[in-house]
Amino acid sequence: MDARGPLCVGIDPHAALLAAWGLDDDVRGLETFTRTVVEALADRVAVVKPQSAFFERFGSRGIAVLETAVAELRRAGALVVMDAKRGDVGSTMAAYAETYLRPDAPLFSDALTVSPYLGYGSLAPAAELARESGTGLFVLALTSNPEGAEVQRAVREDGRSVGATMLARLAAENARELAAGAPLGSFGAVVGATLGDLSSFDLAVGGPLLAPGIGAQGATPADLPAVFGAAVRNVVPNVSRAVLRHGPDPAALRAAAERYAEEVRAAVAG
Ligand SMILES: O=C(O)c1cc(=O)[nH]c(=O)n1[C@@H]1O[C@H](COP(=O)(O)O)[C@@H](O)[C@H]1O
C-alpha cells in the first residue's frame with residue numbers, strides 16, 4: 001500500500017455493469033470485463049478483491065475466469081483478497097480454507113473473507129492454514145449493510161456486543177505475530193465505512209481493517225477518519241462499483257482508482 005496507494009478495488013461484475021460496458025450477461029462478457037479490469041489495474045493497485053458470487057453465477061466456466069484473474073493479479077504484484085465470505089462448521093471450514101489458502105489450489109489467494117457467525121472458533125482451521133501458507137483472513141465484524149446490526153450489535157450475557165467480541169478475538173489472533181515484531185498481523189476485520197462513529201468499539205485488532213462501503217453504498221474517503229479514529233492508519237478501503245462504472249476504457253478505470261487512492265491518502269494524512 002505504501003508503494004501502490006491505499007486502496008482495494010473490487011471486481012464485482014454485476015449484470016448491470018456488464019450491460020453498461022456494452023457486454024452480454026454471459027461468460028464471454030464476464031471474461032472480457034474481468035480481463036479489462038485486471039489489465040488496467042493489476043500492476044498499480046495494492047489490493048484487488050474479486051467477489052466470487054459474480055463468477056459462481058456462471059458455473060464452472062465463471063470459476064475458470066476467476067482462476068485466471070487471481071493468478072494474473074498475483075503475478076502482477078497485486079494482493080488478492082478473495083471475497084467468498086465463507087463460514088461453516090469447523091470440519092467443512094477446513095475444506096473451504098483449502099480451496100483458497102492452500103498454495104497449490106487453483107484459486108489460491110492472499111486472503112479470504114470469512115464469516116464468524118457460526119462462532120469465531122469455527123474459523124480455526126482457516127486460521128491455522130493461513131498461518132501455514134502465509135496468507136490471511138478478513139473476518140466480518142461490523143458489516144456495511146444496515147441489516148448487520150441485528151446480529152453484530154446484539155449484546156451478549158457479558159455485556160459486550162457480538163461485533164465487539166469478534167474484534168477482541170481478532171486482536172488475540174494477531175497477538176502472536178505482533179509479539180514477534182510484525183507491524184500488523186494476518187487476521188483482519190471487515191468494518192464498513194458506512195457505519196458512522198465507531199468510537200464505542202476497540203478497532204485496534206492488530207491487523208488490517210477492510211472497509212467496504214465507499215462509493216455506491218454512500219461513504220466517502222473523507223468519512224474514514226471520523227469512522228475509524230486512530231485505527232484509520234490500518235484501513236484498507238474497498239471501492240467496487242464506483243471505480244468499475246468508469247470502464248470499459250482502461251485509462252478511465254486507472255484514473256478513477258488513482259483518484260480514490262489520492263482521496264484516501266489525503267483523508268488519512270489530514
Ligand atoms: O466483505 C466484503 O467485502 C463486504 C463486507 C461488507 O460489510 N460490505 C460489503 O459491501 N462487502 C463487499 O464489498 C463490495 C462493495 O461493493 P461496492 O458497494 O460496489 O463498492 C461488495 O463486493 C460486497 O460484497
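How much of the chain is helix and how much is strand over residues 6–256? Helix takes 40% and strand 16%. The C-alpha atoms at the two ends of this stretch are 13 Å apart. The model is predicted, and what follows should be read that way. Residues 6–256 also match a record: an unreviewed UniProt entry annotates them as "domain: Orotidine 5'-phosphate decarboxylase".

Start at the ligand. The shell around the ligand holds 18 residues, and D12, K49, S144, Q217 and R241 come nearest. By type, the shell divides into six nonpolar, seven polar and five charged residues. Two strands stand out as suppliers. β3 (79–86) gives at least two residues to the shell, and so does β8 (235–239).

Now look at the polar side chains that reach the ligand's oxygen atoms. K49 places a polar side-chain atom 2.9 Å from a ligand oxygen. For Q217, the corresponding distance to an oxygen atom of the ligand is 2.8 Å. For R241, an N or O atom of the side chain lies 2.6 Å from a ligand oxygen. How much of the ligand does the protein bury? Taken alone, the ligand exposes 510 Å², and the protein buries 90% of that.

Stay with Q217 for a moment. Its side chain also joins that of S144 through a polar contact of 2.7 Å. S144 is itself among the residues that come nearest to the ligand. It sits in the loop between β5 (136–142) and α7 (149–152). Is S144 buried or exposed? Its relative accessible area is 15%, so S144 counts as buried.

D12 is another of the residues nearest the ligand. It lies in a loop too, the one between β1 (8–11) and α1 (15–20). At 10% relative accessibility, D12 is buried. Follow the chain from D12 to Q51, 39 residues apart in sequence. Their C-alpha atoms are separated by 5.4 Å.

Compare this with a pair elsewhere. E132 belongs to helix α6 (residues 124–133). E132 and E67 are 65 residues apart along the chain, and 22 Å separates their C-alpha atoms. E132 has a relative accessible area of 64%, so this residue is exposed.

Next, the salt bridges. How many does a search of the whole structure find? The search finds 13. One of them joins the side chains of R44 and D43, with N and O 3.0 Å apart. Both partners are partly exposed: R44 has 32% relative accessibility, and D43 has 45%. The pair does not stand alone. D43, R44 and E258 are linked in a network of salt bridges.

A second salt bridge connects E56 and R86, whose closest N and O atoms are 3.3 Å apart. This pair links distant parts of the chain. E56 is in helix α3 (residues 53–56), R86 is in strand β3, and their positions lie 30 residues apart in the numbering. The two ends differ in cover. E56 is partly exposed at 35%, whereas R86 is buried at 17%.

A third salt bridge brings together the side chains of R74 and D110, at 3.1 Å from N to O. Why does this pair tie together separate parts of the chain? R74 lies in helix α4 (residues 60–75), and D110 lies in the loop between α5 (90–101) and β4 (111–114), so the bridge ties together parts that are 36 residues apart in sequence. Here R74 is partly exposed, at 32%. D110 is buried, at 18%.

Finish with the backbone. Most residues other than glycine have a negative phi, and most peptide bonds are trans. Two places in this model deserve a look against that background. K85, in strand β3, has a positive phi, near 45°. K85 is partly exposed, with a relative accessible area of 40%. The other place is the peptide bond from G247 to P248, which is cis, with omega near 10°. P248 lies in the loop between α10 (241–244) and α11 (250–269).

Conventions: Residues are numbered from 1 along each chain as its sequence is written. This is a predicted model: local features need pLDDT of at least 70, side-chain atom pairs count only at pLDDT 80 or more; totals for chains, interfaces and linings use all residues. Side-chain values use heavy atoms; hydrogens and water are left out. A residue is near a molecule or strand if one of its heavy atoms lies within 4 Å of it. A polar contact is a pair of N or O atoms within 3.5 Å; within protein, one must be able to donate a hydrogen and the other to accept it, and residues adjacent in sequence count only if both atoms are side-chain atoms. Accessible areas come from the Shrake-Rupley method with a 1.4 Å probe; for residues, only the protein chains shown count as cover. Helices (H or I, at least four residues) and strands (E, at least two) are DSSP runs, numbered from the N terminus. Ala, Val, Leu, Ile, Met, Phe, Trp, Tyr, Cys and Pro count as nonpolar, Asp, Glu, Lys and Arg as charged, and the others, Gly among them, as polar. UniProt positions are given in the numbering used here, feature names are shortened, and annotations may be inferred rather than shown by experiment. A salt bridge is a side-chain nitrogen of Lys or Arg within 4 Å of a carboxyl oxygen of Asp or Glu. Buried means under 20% relative accessible area, exposed over 50%, partly exposed in between (1.4 Å probe, protein chains only).
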